[in-house]
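Let's take a walk through this structure together, starting from a single helix and working outwards. Please have the sequence and the model open as you read.

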Amino acid sequence: MMQKKVCMLGGFAVGKTSLVRRFMTNVFSDHYQTTIGVTVEKKSVSVDNRDVMLMLWDLYGEDELQRVRESYLRGSSGYILVMDGTRKATVDTAIALQQTVVRTIGTVPFVSIINKSDRRADWEIDEGAIEQLRERGWTVLFGSAKLGQGVEELFALLATQMVSAPVLPRE
Amino acid sequence: MSTDPHRPHRDSPSSEGLTSVDEDWTQLRTLLLSPEQTQLDELRERLDNRGVQPREISRVLPEAFAMRGETDQHLSNVLTPYVENGFVAAVRKSPRAIVDAIAPIMGPAIRQAIARALQSMTQSFNRSLDESLSLRGLHWRLEAWRTGRPFAEVVLLHTLRYRVEQAFFIHRETGLLLHHVAAEGAVVQDQHVLSGMLTAIQNYVRDSFGASQDQTLDQFQVGDWTVWIEQGSEAYLAGVIRGTPPATLREDFRDALDRIHAEHADALTHFDGDPAPFKTTQTYLESCLHAHYESPPRPSALKLWILGGAGILLLSWWGATAYQIHARWSNLLAELGAEPGIVVTMAKSTLRGYRLEGLRDPLAKDPSAMVIEAGLEPSGIKAVWSPYYSLDPQLVETRAQSMLQPPRTVKLDLEGDTLVATGSAPIDWARETKRLAPLIPGIAHYRDEGLVTAPIPDLLERVNRTVVHFRSGSSAVEPSERAVLGVVSAALRELDQAASQSGQRVVLEILGSTDETGPVIRNIRLSKERAEAVRSVLEGQELGGGTTMTTDILRSSKIPGSQGGSGARIAIVRASLTATSRGNETTPP
């Protein structure tokens, strides 16, 4: 079975692990647990009737104190940028992270998601900011790990992009 | 209007002249433009027939496949269904050809897998068997019972020196698992997640210590397990080892990794997440699944021989002893069975010794003494004897002797169930015996017609005080003396009867003597004549068949009433008893 390494990236407490948990086991917990280092999970999805095993590297959330380790990014076939709709700063973190990824491993498929759509009234990220992201060429999805909205679509979309993306020979 | 392109325009009016020129021109043109003309013909043919020529495609097809394959997977995706259908059709149409083609590959792989499984099973079985009967094995069996684990697993854990339980072949950059093998019985978690975490841990450690790319985490330890990591240029090999592995194991890891890299260099370089090309690494990874167990110390051959010899000797000694004891036991039972007055009712051999039960006459032989005589240990035999009276003739006679206490002059014999008393005895004893004898167990009747109640000593005394007197110079028995001899002969007849009934006979000695007057020779002859004269008188008295008589000269010193020196004209009689059968004298004269 085809395997693909996928990194979950985003700021601190944006809901990366919650999205993975919802994707893996369809379970959500209100109890927050910070990820220490990295946790690797796996889940199979079907793309064009072909099974693809996603190896999800759930990295700790980046903040002012700790930066994502570039070594974790190497070998990724794609990545997911997670933002918290209630915290506008997480957009900047996502942008910075995306630049880091490009600088480290080059251009690979990625999808971004603005999490916590169940608290839409509290959102700080407005349409303008979202439009700016789309202008950067980002695919921006909306979802809620808590309600399970947009999770399956998120991973399915990235899997499709990764499978159809040409494999560039490495230097 | 049709024109021949190969024919030039002619302006000459003369047909013959023109013909000649045309031919020359044509010949010249052929000589000069023949190669180009051929190419023009081919080009015209291509233009006229615009379809794709297979020959041309065959020239470029391999290169076209290679170029597109390097670009993306589209060609593979397009061809895959046709290849699959073609393969299925080929298998259905000619399965034999497929079998022949894959047999050389599958055969060794299957054989190797079976051999490995059998080897593992045999090894486990032998080890379990080796340890099942030893003291250590019993201890482990107890542990297995206590912990609820299989005995074979407990043995394995205790005797294991090291075992490579799992081997991971992991793509270095992506952390994706390329292939994985595990030993039989090894606990395998999700190997894909483990591969990712192993890679993440290595990255973390390297980043944390600021190490360069070629400085890697080579090993780490968790409880009983050690994980050895051997790095390659594109992928790394991780072995999960239980126990303490030798350093040489790394060389095996390295060797396997190098071989895989050499054989799969292209697949590793172009790895896109598909691990299928790495299934063929199975053999190399399995070669890393080493296991080494502690061998129990084997006793030397000499020690085994000595132990075996000692065992055989001990067994032989035990067998011989047991046989000997059994033979003695059998002999004892035979002797007890033949012994009068002893009846064995139960005899058996138990683990704690022998047990005997039976009946014993109080007058019978002591069984304990018989046990000792048989060579057995009395403490090893528990015997219970109940008393009884035996009717065995020997014991009945002994019982009669014991109860009746007969005098020495009485002889008791058993004839069937009748006790017969002969000899002489006091009248009181004879009377008491007649009353008691029938009461003795085993005696129904009593007879004593042969028993003389007059005492023999009295008879002897009556005979021995007889003195026959003679006239001087005469050896004739006087009539008065014949009366004396008549009394003696009556006593002798009674004595002869009593003696014969008690198994004795009477020996009668007649001694003659003279006074001291006259010549000595004459006196000696006269003494003999006087003794013979008395003898002849007694012989005429019918003394009895059991009496014998002898004559001799009576020495003057032995003459009754003689004071030594002076002789007497007498003859005396001396009677004594001698046992008939034994020849021993029972009664002194």
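Only three of the 38 residues of α11(B) are buried, so this helix lies largely in the open. Buried here means 20 or more other C-beta atoms within 10 Å of a residue's own, exposed means 12 or fewer, and partly exposed covers what is in between, with C-beta atoms placed from the backbone. Helices (H or I, at least four residues) and strands (E, at least two) are DSSP runs, numbered from the N terminus.

A word on the source: this is a predicted model, in which local features need pLDDT of at least 70 and side-chain atom pairs count only at pLDDT 80 or more, while totals for chains, interfaces and linings use all residues. Residues are numbered from 1 along each chain as its sequence is written, and chains are lettered from A and ligands numbered from 1 in the order in which they are written.

**The helix and its surroundings**

The buried residues of α11(B) are B:Trp329, B:Leu332 and B:Leu336. They pack against β7 (342–350), β8 (353–360) and α12 (367–373) of chain B. The end C-alpha atoms of α11(B) are 54 Å apart, which agrees with the 56 Å that its 38 residues should span at 1.5 Å a residue; that expected span is 1.5 Å times one less than the number of residues.

B:Gln324 also belongs to helix α11 (residues 301–338) of chain B. B:Gln324 counts as exposed because it has 11 C-beta neighbours inside 10 Å. Its C-alpha atom lies 9.7 Å from that of B:Gly375, although the two are 51 residues apart in sequence.

**Strand pairs in chain B**

Two antiparallel pairs are set side by side below; strands pair if DSSP finds at least two bridges between them.

| Strands | Bridges | Opposite residues |
|---|---|---|
| β7(B) and β8(B) | eight bridges | B:Val344 and B:Gly358 |
| β10(B) and β11(B) | six bridges | B:Asp413 and B:Val420 |

A hairpin of two residues joins β7(B) to β8(B). The other pair belongs to an open sheet of three strands with mixed pairing, in the order β10-β11-β12 (chain B). Its edge strands, each pairing on one side only, are β10 (410–415) and β12 (445–452) of chain B. Helix α13 (residues 393–404) of chain B lies across β10 and β11 of chain B, at about 150° to β10(B). For such angles, axes are lines fitted to C-alpha atoms, for helices over the stretch in contact, and the values run from 0 to 180 degrees between N-to-C directions.

**Cores and the chain contact**

A nonpolar core is a set of buried Ala, Val, Leu, Ile, Met, Phe, Trp, Tyr and Cys residues joined through C-beta atoms within 7 Å. In the largest one, of 73 residues, A:Leu9, A:Trp57 and A:Ile80 touch the most other members. Helix α5 (residues 151–164) of chain A gives this core its largest share, seven residues. Another core, of 50 residues, lies apart from it and includes B:Tyr354 and B:Leu495.

How many residues of chain A are in contact with chain B? There are 21, and they meet 21 residues of chain B, contact being C-beta atoms, placed from the backbone, within 7 Å. On the side of chain A that touches chain B, β1 (2–10), β2 (38–47), β3 (50–59) and α2 (70–73) each supply at least two residues.

Notes:
Contact = placed C-beta atoms within 7 Å.
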